[in-house]
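Let's take a friendly walk through a protein model, one piece at a time. Have a look at the sequence and the 3D view before reading on.

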Amino acid sequence: MTAQILITGGTGTLGRRVLPLLPGRVRVLTRNPRPDTDTATATVEHVTGDLATGEGIAHATEGVSTVLHLAGGPRDDRTKAHHLVRATGPRTHILFISVVGADRVPMVSRVDRAMFGYFAEQRAAERVIEDSGRPWTTLRATQFHDLLLLVVRKLAGLPVIPVPAGVRFQPVDADEVASRLAELALGPPRGLVADLAGPEVISMDAMIRSYLKATGRTRLLLPIRLGGRAYAAIREGANLAAPTHASRENDRSFRTEAEQAEAEQAEADGGRISWGRFLAGSLSSAGPAAGVTGR
Ligand SMILES: NC(=O)c1ccc[n+]([C@@H]2O[C@H](COP(=O)([O-])OP(=O)(O)OC[C@H]3O[C@@H](n4cnc5c(N)ncnc54)[C@H](OP(=O)(O)O)[C@@H]3O)[C@@H](O)[C@H]2O)c1
């Protein structure tokens with residue numbers, strides 16, 4: 001049987017979680033040759049290719065009707081999207097995972113690009129897909145718990161931890177993003193859909209402190225201020241999705257009924273797993289997660 005669905009990034013944090021949720025035979029693009037494996041729910045076929053160079057992409061997209069493009073990152077996103085689009089047929093549904101804030105974090109200076117260029121890369125890839133003439137769906141998600149845990153773990157290794165002042169996150173669980181993507185992959189193209197974010201907004205400072213407390217460590221946190229417009233926008237919350245319930249109420253009078261219904265649906269469909277719950281779960285295999293509370 002020929003695969004109907006291709007996943008780029010199917011070997012990554014998110015892709016590995018989406019894979020078992022998809023029915024039938026699924027093709028996974030990777031830069032590193034791997035043996036094919038069968039999982040309980042999907043037969044997985046690996047193809048080798050590189051989206052940055054375009055090598056192997058025509059072969060990877062052969063015969064597929066849906067592509068989940070999950071191989072974005074801080075570099076080459078526009079190029080990767082171009083190579084992908086060029087290799088797909090005009091009726092192929094391209095489903096892209098982007099980041100909340102892709103359209104709201106300004107890139108004016110070198111400092112902006114150096115620190116937060118990822119947002120611009122993701123927006124550039126979104127545009128390539130929107131303008132491709134292919135049917136498309138884009139889901140923007142906030143930062144995954146796993147990524148933030150990686151960052152926090154690294155920072156906790158320092159004797160003094162520099163923390164960009166005022167930076168907040170609305171972390172979301174990668175399993176919840178994977179479920180939403182699987183739903184979208186099996187439905188019709190929807191264009192830009194409602195953002196997917198976690199249930200709480202948490203400062204970087206609080207996130208680090210919760211990790212230190214849970215792992216029984218003490219460190220000095222040193223607030224630092226960065227320059228640039230992108231940092232200023234992030235301090236204003238450009239990387240956060242859902243407004244608080246109160247501001248939704250304030251927004252109500254400015255929305256059409258359809259917009260209001262969509263906003264309420266987005267809130268109902270938002271991620272439910274908090275940072276605290278994720279952290280407790282992640283640390284429990286390595287020891288007790290003292291002092292961490294979950295929902
Ligand atoms: N992590 C977050 O917090 C977050 C938040 C919002 C959106 N997103 C987006 O979600 C997507 C997945 O994130 P993730 O955390 O799962 O990423 P990840 O774990 O770093 O995985 C990256 C994946 O992309 C593939 N890849 C990278 N460069 C490639 C290339 N040139 N050609 C082909 N494949 C390539 C890798 O495959 P191989 O190594 O096997 O080649 C790998 O499977 C990304 O697009 C990211 O921008 C992430």
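What share of the contacts in the protein with a separation of 6 or more comes from residues 24 or more positions apart? The answer is 73%, where two residues are in contact if their C-beta atoms, placed from the backbone, lie within 7 Å.

Two notes will help you read on. This is a predicted model, in which local features need pLDDT of at least 70 and side-chain atom pairs count only at pLDDT 80 or more, while totals for chains, interfaces and linings use all residues. Residues are numbered from 1 along each chain as its sequence is written.

**The overall picture**

The protein has 11 helices and 12 strands. These are DSSP runs numbered from the N terminus, with helices (H or I) of at least four residues and strands (E) of at least two. Of the 295 residues, 39% count as buried. A residue is buried if 20 or more other C-beta atoms lie within 10 Å of its own, exposed if 12 or fewer, and partly exposed in between, with C-beta atoms placed from the backbone.

**Around strand β5**

Start with strand β5 (residues 66-69), where Thr-66 and Leu-68 point one way, Val-67 and His-69 point the other way, and all are buried. In a regular strand the side chains alternate between the two faces of the sheet.

Strand β5 pairs in the parallel sense with strand β1 (residues 5-8) over four bridges; strands pair if DSSP finds at least two bridges between them. Here Leu-6 stands opposite Val-67. Strand β5 also runs parallel to strand β6 (residues 93-99), joined to β6 by four bridges, and Leu-68 stands opposite Leu-95. From β5 the chain crosses through helix α3 (residues 77-87) to β6, in a right-handed β-α-β crossover. Right-handed means that, with the strands pointing away from the viewer, the path from the first strand over the helix to the second runs clockwise.

**Three residues to compare**

Why do these three residues get their labels? The C-beta counts decide, as the table shows.

| Residue | Other C-beta atoms within 10 Å | Label |
|---|---|---|
| Ile-94 | 25 | buried |
| Asp-76 | 19 | partly exposed |
| Arg-110 | 10 | exposed |

Ile-94 is found in strand β6. Its C-alpha atom and that of Trp-136 are separated by 4.7 Å, although the two residues are 42 residues apart along the chain. Asp-76 lies in the loop between β5 and α3, and its phi is near 60 degrees, a positive value in a residue other than glycine. Arg-110 belongs to helix α4 (residues 110-130). Arg-110 and Gly-228 are 118 residues apart in sequence, yet 8.6 Å apart in space, C-alpha to C-alpha.

**The nonpolar cores**

In soluble globular proteins, nonpolar side chains tend to be buried together. A nonpolar core is a set of buried Ala, Val, Leu, Ile, Met, Phe, Trp, Tyr and Cys residues joined through C-beta atoms within 7 Å. The largest one holds 57 residues, and those touching the most other members are Ile-5, Ile-7, Val-18, Leu-68, Val-177 and Leu-181. Helix α6 (residues 174-186) gives the largest share of this core, seven residues. There is also a second, separate core of 10 residues, including Met-204 and Trp-275.
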